Amino acid sequence: MVTRLLPVLGDQLSHDLASLCAADKTTDVVVMAEVAGEARYVPHHPKKIALIFAAMRQFADELRAQGWRVAYTQLTDPDNTHSLSGEILRYASLYGCDQVLATRAGEWRVIGEFDALPLRVSVVEDSRFLASHAEFQAWAEGRKQLRMEYFYREMRRKTGLLMQPDGTPEGGKWNYDAENRKRAQPDMLRPKPLRFAPSAQTQAVLAMVAQHFGQNFGTLDDFWFATNRAEALQALDHFATYLLPSFGDTQDAMLVDDAFLNHAVLAPYLNLGLLGPMEICQRVQAEWRAGRVPLNAAEGFIRQVIGWREYVRGIYFREGPYYTSRNALGHTRPLPAFYWGAPTRMACVAAAVAQTRQQAYAHHIQRLMVTGNFALLAGVSPQELHMWYLAVYADAFEWVESPNTIGMSQFADDGIIASKPYVSSGAYIDRMSDYCGSCSYKVKEKTGPRACPFNLLYWDFLMRHEGRFAKNPRMAQMYRTWARMAPGHRETVLREAQALLARLDAGAVV
Ligand code: DLZ
Ligand code: SF4
C-alpha cells in the first residue's frame, strides 16, 4: 500500500530535505526522474546534465540503502513521459495513489507544473536556506532599496557567523571586500580544486549524455565533479585547507591559464543540495578561528553564501515569475555567436568562453565583468543572455542565476539589485587579468582599428542611456569625464562604436 509520492528534483539531493523529513519510509515512495523536459528547456552544458543525473542516481542509491522505496526513471527508459508532472502521474496510476508530498521547487516554471497536477499535492517549504520567503519579505517590507549589504548583516546576526559576543562583527568591520581586489600572478604551485575520478555509474551517465546531448555547447572530456555528498565534503575540506587562505586575495583576479585561482567551485554541490550553506560557512569560520586563514578570506566567502546567495533567492521569489522577462534598458540585440564558441578577437571573452566550454564553470568576475559586461555594453537581450548563463554553468538554477543576470549584471530590473549598471571599459579587465597582453586589440587605444571594443562600447552605452543614468550620483563622474573630452574625439568614439556593432550584427568576427 503506497500512501504518498515524494518527488525529489535534481537540485533537491539532500537527506534533510523537508519532504523527506516529513515522510514515512514504510508507506511513501520517492519519485525521481531524468526527463527531457528539464534537460532540454535550455541547451544545458553536457557536464551540467551529467553532474545532475550522476548525482541523482547516487542519491537514489543512498535513499534505497536507508530503506526508502525509490521509483527512478532513467532518461532512456521506454515509458519515460519526459516531463516531471508526466512521471508523477505515471507513478500515481502505477501505485494507485493520488497524494503527493513535495518540497517547494526552486523555479516558478516547475512550481506551476506541480500546481497544475490533478492530484492531492501538499507542498512544504524548502528549509535548506537560512532565510525563508517570509523572513525575506519581512526584511524587504517598507524598504526603499533592497541592498544586499544590509540583508547580509541580518544574516550574520541570525547565524552568529564571524560575530563577537557583544553583537559586533569580528575585526570591527562587516565587509572586507576592499582587500579582495588584488591581481594574481600565474603560479604553477597554486592548489587546484579537488578532482574525482568518475565511478562506473557516472561513466555510464557520461556515455548516455554524450549520445543524447553531445551536440550542446560544452565538452564532456575530463569530468571531475563530485557526484555525492561524501565527495562534496572532501571537496569542502580540500578548499578550506588549501585554497581558502588566499581566496580573498585572488577573488576578483583572472588569468588565461588558471581557470580556478583560489575559488572553491563548491556552488554546484551547494545548489544540488549535496552540501548545506551552514556547514560550509562553519567550516570556513573554524579555519579563521584557528588562525589558519585571514579574516578577509573567511568574511568574503561567508558573505557570498549567507549574504549574496540568500539575497538573490529572496529577490527571485519576491519579484515573481515575470522577473526573468524584465528589460528595463530595452536591449534587443541577439546574443553574439561567440558566446557559443564562434571565433572572437577579444582575448578576454575568448578565454572566458573557452573555459566555460571546458569546465561548465567561470568565476564571478569573468561572468560579471567579461561576458556580462560585454552583453550590457553591446545592448544584448537580457533574456538571451539569461538563457545562456542558465545553460552553460553547472551551478546555474533559475532562482540563483536569473537575479544575477537580469538584475546584477544587466540592470534589466531597473535597479532592484544593483544601484548602478556594472559596466567598465577595458581598463578594469586589464587591471584584474593577464588577458590584454595576448589580445589583438589594444586596451590602451581608445579609437582606431585596434581599439579595445570595451573602450568604444562603454561610451556608447553611457550615451545611449544618458537620460536614465546621467543624474545617478554613482555615474556622474563618468559623464563628467565624457564631457571633458574633445568633441571630435567623442564623435569618433561613437562612430566607431556604431561601426563595431554593425560588424557584430553582420556576423563578422569582432
Ligand atoms: C536542471 C535539471 C536537469 C538538467 N534535469 C533534471 C531532470 O532530469 N530531473 C529533475 O528532477 N531535475 C532536473 N533538473 C533540475 C530541475 O530543473 C530543477 O529542479 C528546477 O530547475 C528547479 O530549480
Ligand atoms: Fe578584452 Fe580589450 Fe583586453 Fe582585449 S584589450 S583582452 S578585448 S579588455
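**Chatting through a predicted model**

Colleague: S14 lies in the loop between β1 and α1. Is S14 buried or exposed?
Modeller: This is a predicted model, so I'd go by its computed area. A residue counts as buried under 20% relative accessible area. S14 has 4%, so S14 is buried.

Colleague: And which residues is S14 in contact with, leaving aside its neighbours within four places in sequence?
Modeller: F59 is a nice one to look at, as S14 and F59 are 45 residues apart in sequence but 8.2 Å apart in space, C-alpha to C-alpha. With the neighbours within four places left out, the contacts of S14 are L20, F59, R128 and G273.

Colleague: Let's try helix α5, residues 108–115. Why do its buried residues end up on the same side?
Modeller: The buried ones in α5 are V110, I111, E113 and F114. They share a side of α5 because the arc they cover around the axis is only 160°.

Colleague: What covers that buried side of α5?
Modeller: We're after whatever packs over V110, I111, E113 and F114, the buried residues of α5. The cover includes β1, α2, α4, β4, β5 and α12.

Colleague: Now α6, residues 133–140. Which residues are exposed on the face turned away from its buried side?
Modeller: Start from the buried residues of α6, which are F136, W139 and A140. They sit on the same side of α6 because they cover an arc of only 95° around the axis. The face turned away from them carries the exposed residues A134 and A138.

Colleague: Which helices do the buried residues of α6 pack against?
Modeller: Follow F136, W139 and A140, the buried residues of that helix. The partners they pack against are α7 (148–159) and α12 (295–319).

Colleague: What about Q251, buried or exposed?
Modeller: Q251 is placed in the loop between α9 and α10. Not counting residues up to four places away in sequence, it touches D177, N180, H263, G300, Q304, H363, H364 and I365. Its relative accessibility is 2%, so Q251 counts as buried.

Colleague: Last one: how many residues of the shell around ligand 2 are charged?
Modeller: Ligand 2 takes up the space of the second largest cavity, and the elements giving two or more residues to its shell are α13 (347–359) and α17 (426–432). Among the residues around the ligand are M346, I429, Y435 and F454. The shell divides into 11 nonpolar and one polar, and the number of charged residues is none.

Conventions. Residues are numbered from 1 along each chain as its sequence is written. Chains are lettered from A and ligands numbered from 1 in the order in which they are written. This is a predicted model: local features need pLDDT of at least 70, side-chain atom pairs count only at pLDDT 80 or more; totals for chains, interfaces and linings use all residues. Side-chain values use heavy atoms; hydrogens and water are left out. A residue is near a molecule or strand if one of its heavy atoms lies within 4 Å of it. On a 1 Å grid over the protein atoms alone, a cavity is a set of points where a 1.4 Å probe fits but cannot get out, and a pocket is an open set with protein on both sides within 12 Å along at least five of seven lines; lining residues have an atom within 4 Å of a point. A molecule sits in a cavity or pocket if more than half of its atoms lie within 2 Å of its grid points. Helices (H or I, at least four residues) and strands (E, at least two) are DSSP runs, numbered from the N terminus. Ala, Val, Leu, Ile, Met, Phe, Trp, Tyr, Cys and Pro count as nonpolar, Asp, Glu, Lys and Arg as charged, and the others, Gly among them, as polar. Buried means under 20% relative accessible area, exposed over 50%, partly exposed in between (1.4 Å probe, protein chains only). The arc is that of the directions from the helix axis to the C-beta atoms. Contact means heavy atoms within 4.5 Å.
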